[in-house]
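Here's a quick look at the overall build of this one, followed by a closer look at a bit of its surface. Pull up the viewer and follow along.

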Amino acid sequence: MRLEPRTKVPFVLVILAPIAAIAASFVLCAGLVAWSGASVLEAYGLLLKGALGSGFALSETFARATPLIFTGLAAAIAFKSRFWNIGAEGQLYAGALIITVLGTGMLDLHPGLMIPILVVTSAVAGALMLLGPVLLKIHFGVDEVVTTLLLNFIVLLLVSLLLEGPLKDPMGLGWPQAEPVIEAAELPRLFQGLRLHSGLLLALLFSVIFWIVSIRTTLGYEMRAVGFNQKAARFAGMPVKRVMIITALISGGIAGIAGFSEVAGMKGNLTLDLSPGFGYTGIVVAMLAQLHPLGVIISASFVASIFVGADAMSRSAGVPSYIADVMVSVSLLCMLVSVLLVRFRIRWS
Amino acid sequence: METSFAWLEIFLNASFWVAAVRIATPLIFGTLGEVICERAGVLNLGIEGIMTIGAMVGWMAVYQGAGLWSGVLLAAVCGGVFGLLHAMLTVPLGLSQHVTGIGITLLATSLSSYVYRLILPEVSSPPRIQAFEPLEIPGLSSIPIIGEALFKQTPLTYFAFISVVVVAYVLYRTPVGLAVQMVGENPAAAEAQGLNVTIIRTGAVVCGSAFMAVGGAFLTMSAFNAFFFNMINGRGWICIALVVFASWRPGKALLGALLFAAFDAYQMRLQQLVGAEIPYQIFLMMPYVLSILALIVMSRRVGYPQALMIPYRKGER
């Protein structure tokens, strides 16, 4: 067996790749759904209805998609330059932590000033989380995958420490949770009575900004070049190390903003279960989008709909809601294969 | 005066050394498995998930009435299956080992949770099993301080020590081992020798993954006797760091795992000693901080397999 690069990749195939991957993951997971005793078609129907069937469902799905757009974008930006940032989870919590420090009373400004300041500080916190790993990679050749992964655990323990210590809400009935952020720091809801908040608009804005940066600026070009062929980029006179550092800072920053959006828009305060693995799911989102900043919006919405839909399906059909995690990870692996099949032709010889 | 030397007295306590060896066991299996994979040129970031599935499957088999060793075997087979999946995607297809490995971890972890919930929908506190009992080796186990640590452990711990010797022997002294090293250093040369790079790499990843799964199974079948979600808790990632620390050598992997575990056991006892003065989270952070430090210290003199993370495509240079 050998792989032969396609000289010309039809655009239809590029669009079809994620659709085929998703379809494959539904088929592959059908066996698991059936194992639980539920009727597969009925269960998938319930999933679809739970994710998209009503205004409430749609609000839940897009509220769930919001942090995934941020973390998906963070992964897409880093992976494009072949910088493997697996630490979005930790960066998200770092952003949430700084927002909790500043937003629960230390700063009290007009929302028009307060929110931009919080966005910037959460981005700085997330970016700083990645500064160590990127410098270690550049100067010592330390693999960033392991350092970013380990940092996730360290940050989560730090959050736990602070939530049981200085940041603990005295009114929290003993639970390890922080005080809620003040009203000026809250991201306004988009519709009366629904949880969907303006963090979504922020996420869309960042996707568009980054899309423009990647296709219209020198930086975007350099980031792609470094990812495509680092040696060639260096020969072409590009400041490879600087590009890597900038990439890492942007990636970490965007993941940090996810923490702000979740605290200020969704939950209101910082808890230890602020993120059910948004950082890791972001990797799947980025891969499904083939690392395209605008594609991230679509793939995040898809992944979010699986999670929200699976919750509904779990309640009414009795399929454990972990099926969502299984489906999402299966679709990641299917996506890797289908992208390969788009780029290469398999020759059996 | 009595308390001031308490931090030193920990070392004289036999239970400290027993705990250190027990904590080391899953790390020995995991690191050994990862060494095998990486020696053949394949980074296996599926380790965290493969350890999880090993922990779940081994425990579940025994809970459903299987024997303890059948549970271990089943865990190893499941680990091998996930290893095979990782190998199929990264070796013949040459997909990114980073992203595939993370995908394998996500899949194996979520599948463990799903299957566990499916079989036990209503349990809130995890049920326990009759796990491996410590096996005392008469005579040797009565050596002061370290006797119990080395000779009064559960059978899986002895199996871990034996595995290190066997893997080291196979890797350095047999044609199979040399072939594994060769495809990890220079696959084109291996191919020229008539070796099948795809099959050797796949075999190494399957075998290494089976070891990882047994490491996970140790946790549910010899240590905690029950399965919890997130029970692997980064041990897999620590193993990845230990592989670098061990310079990809089985013997050093054993040493690294023991050193690391001794440190972990020590910080747990120190934690009880200083009580509430230092938050317990600081102590829990230490293993992760230590792993990062180990990576930095070792980075200067890494002798990593030359073809690590480079997919091999026939006829391509």
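What radius of gyration does chain B have, and what would a compact globule with 317 residues have? Keep in mind that this is a predicted model. Chain B comes out at 20 Å, and a compact globule with 317 residues would be near 20 Å, so the two agree. Chain A tells a similar story: its radius of gyration is 21 Å, while a compact globule with 349 residues would sit near 20 Å, which also counts as agreement.

Here are the basics for each chain.

| Chain | Residues buried | Span of the C-alpha trace along the principal axes |
|---|---|---|
| Chain A | 56% of 349 residues | about 70 × 60 × 30 Å |
| Chain B | 56% of 317 residues | about 70 × 50 × 40 Å |

On secondary structure, chain A has 13 helices and two strands. Chain B likewise has 13 helices and two strands.

Now for the surface. Four residues of chain A, namely A:Lys80, A:Arg82, A:Arg224 and A:Arg343, form a positive patch there. If you want a landmark for finding this patch, try A:Arg224, which belongs to helix α8, running over residues 218–228 of chain A.

So is A:Arg224 buried or exposed? Somewhere in between: its relative accessible area is 33%, so A:Arg224 counts as partly exposed. That value also fits its place in the patch, because patch residues need over 30% relative accessible area.

Key: Residues are numbered from 1 along each chain as its sequence is written. Chains are lettered from A and ligands numbered from 1 in the order in which they are written. This is a predicted model: local features need pLDDT of at least 70, side-chain atom pairs count only at pLDDT 80 or more; totals for chains, interfaces and linings use all residues. Side-chain values use heavy atoms; hydrogens and water are left out. Patches are made of residues with over 30% relative accessible area and no salt bridge: like charges are joined within 9 Å, nonpolar side chains (Val, Leu, Ile, Met, Phe, Trp, Tyr) within 5 Å. Accessible areas come from the Shrake-Rupley method with a 1.4 Å probe; for residues, only the protein chains shown count as cover. A salt bridge is a side-chain nitrogen of Lys or Arg within 4 Å of a carboxyl oxygen of Asp or Glu. Lys and Arg count as positive and Asp and Glu as negative; His and the chain ends are not counted. The place of a charge is taken as NZ of Lys, CZ of Arg, CG of Asp or CD of Glu. Helices (H or I, at least four residues) and strands (E, at least two) are DSSP runs, numbered from the N terminus. Buried means under 20% relative accessible area, exposed over 50%, partly exposed in between (1.4 Å probe, protein chains only). The radius of gyration is taken over C-alpha atoms; the globule rule is 2.2 Å times the number of residues to the power 0.38.
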